[in-house]
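Trainee: Could we go through the ligand site of this model, and then through the empty spaces in the protein? I would like to take them one at a time.

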Amino acid sequence: MLKLNRRIAAIKPSATLAADARATEMKLAGIDVISLAAGEPDFDTPEHIKKAADKALAAGQTKYTAVGGTAALKNAIKLKLKRDNNLDYEPPEIIASAGCKQAEANVINALFDEGDEVIIPTPAWVSFAAMVSLSGAEPKFVPCSEESGFMLEPEALRRAITPRTRGIMLNSPSNPTGAVYGPEQLTAIARVLVDTDIWVMSDDVYEHIAYGEFAPHLFHIEPRLKSHGIVFNSLSKTYAMTGWRIGFAAGPKEAIAAAGRLQSQNSGNPNSITQAAAIEAL
Ligand SMILES: Cc1ncc(COP(=O)(O)O)c(C=O)c1O
């Protein structure tokens, strides 16, 4: 049998992408199927965003850019974080990547090591556990019950923390449950985490795919979390740009710089045309 790297051999292909590929095959075969697998918005990328890409292409913006994104894109991300989330981040605290998935993979690889545990409230998006395992750390699943609205309860969180806990991945609105944490739940979770050195990661990719009030950000509710917190977001869902591959992370500059060094070696800058379109979108 082909000998592979131990960590790579242990990972399975993304179940959502596999199910989505199967749905596409079935559609091509003329079968009437609705795919609920990948989180794909049901509208097209807005015209003004596509036009910005056309313009960038015509202007020859087809070269390498700074690894973590152009200065203009980082500034647009900074403005977005302030406008939507009331969070202050400067450009060295921001990295743009080929999708939120890559930003998460790079940050997780930069922060965690063998022997570390990273808490993942479940049900959770399939890639979190794989990314954690690839870094050498261990995912520690904390089940969230239907009675709790599939939300992490502070007591369950407290019980899950061990001396090896180095991180937690929160995701609200949640894929797959749709659970949206409100200010009280966020405050209760913040209370458990604020005086620890656990990296608090907040995956906000579905923030605009929600009904009702726009939820305040965990790091706005408890600003002290920012010193050991990472925000992840993406243009995939909000702007229907899943195929363009652009997302970002924001956090303490040493952590972001480490993710940037990894990105500089394994992929480089996100697509230059996509970056121009992302500025228009944001
Ligand atoms: C919770 C969550 N985070 C991140 C992503 C990936 O986003 P991107 O397309 O920016 O890589 C997804 C995609 O479905 C997701 O569900």
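Trainee: Which residues come nearest to the ligand?

Mentor: This is a predicted model, in which local features need pLDDT of at least 70 and side-chain atom pairs count only at pLDDT 80 or more, while totals for chains, interfaces and linings use all residues. Residues are numbered from 1 along each chain as its sequence is written, and side-chain values use heavy atoms, with hydrogens and water left out. If a residue is called near when one of its heavy atoms lies within 4 Å of the molecule, there are 14 residues around the ligand, and those that come nearest are Cys 100, Asn 175, Asp 203, Ser 234 and Ser 236.

Trainee: What lies 2.6 Å from an oxygen atom of the ligand?

Mentor: The term to use here is a polar contact, a pair of N or O atoms within 3.5 Å (within protein, one must be able to donate a hydrogen and the other to accept it, and residues adjacent in sequence count only if both atoms are side-chain atoms). A backbone N or O atom of Cys 100 is 2.7 Å from a ligand oxygen, and a side-chain N or O atom of Lys 237 is 2.8 Å from a ligand oxygen. At 2.6 Å from an oxygen atom of the ligand there is a polar side-chain atom of Ser 234.

Trainee: How much of the ligand's accessible area does the protein cover?

Mentor: Accessible areas come from the Shrake-Rupley method with a 1.4 Å probe, and for residues only the protein chains shown count as cover. On its own the ligand has 400 Å² of accessible area, and the part of this that the protein covers is 93%.

Trainee: Which helix gives the most to the shell around the ligand?

Mentor: By class, the shell has four nonpolar, five polar and five charged residues, where Ala, Val, Leu, Ile, Met, Phe, Trp, Tyr, Cys and Pro count as nonpolar, Asp, Glu, Lys and Arg as charged, and the others, Gly among them, as polar. Elements are DSSP runs numbered from the N terminus, with helices (H or I) of at least four residues and strands (E) of at least two. With three residues, the helix that gives the most to this shell is α5 (residues 100-111).

Trainee: Which pocket does the ligand take up?

Mentor: On a 1 Å grid over the protein atoms alone, a pocket is an open set of points with protein on both sides within 12 Å along at least five of seven lines, a cavity is a set where a 1.4 Å probe fits but cannot get out, and lining residues have an atom within 4 Å of a point. A molecule sits in such a space if more than half of its atoms lie within 2 Å of its grid points. The space taken by the ligand is the second largest pocket.

Trainee: What is the volume of the second largest pocket?

Mentor: Grid points are joined across faces, edges and corners, and a volume is the space filled by probe spheres set on the points. The lining of this pocket divides into eight nonpolar, nine polar and seven charged residues. Its volume is about 490 Å³.

Trainee: How many charged residues are in the lining of the second largest cavity?

Mentor: This cavity has a volume of about 120 Å³, and β2 (117-122) and β4 each supply at least two residues of its lining. Its lining has ten nonpolar and five polar residues, and the number of charged residues is no more than none: there are no charged residues.
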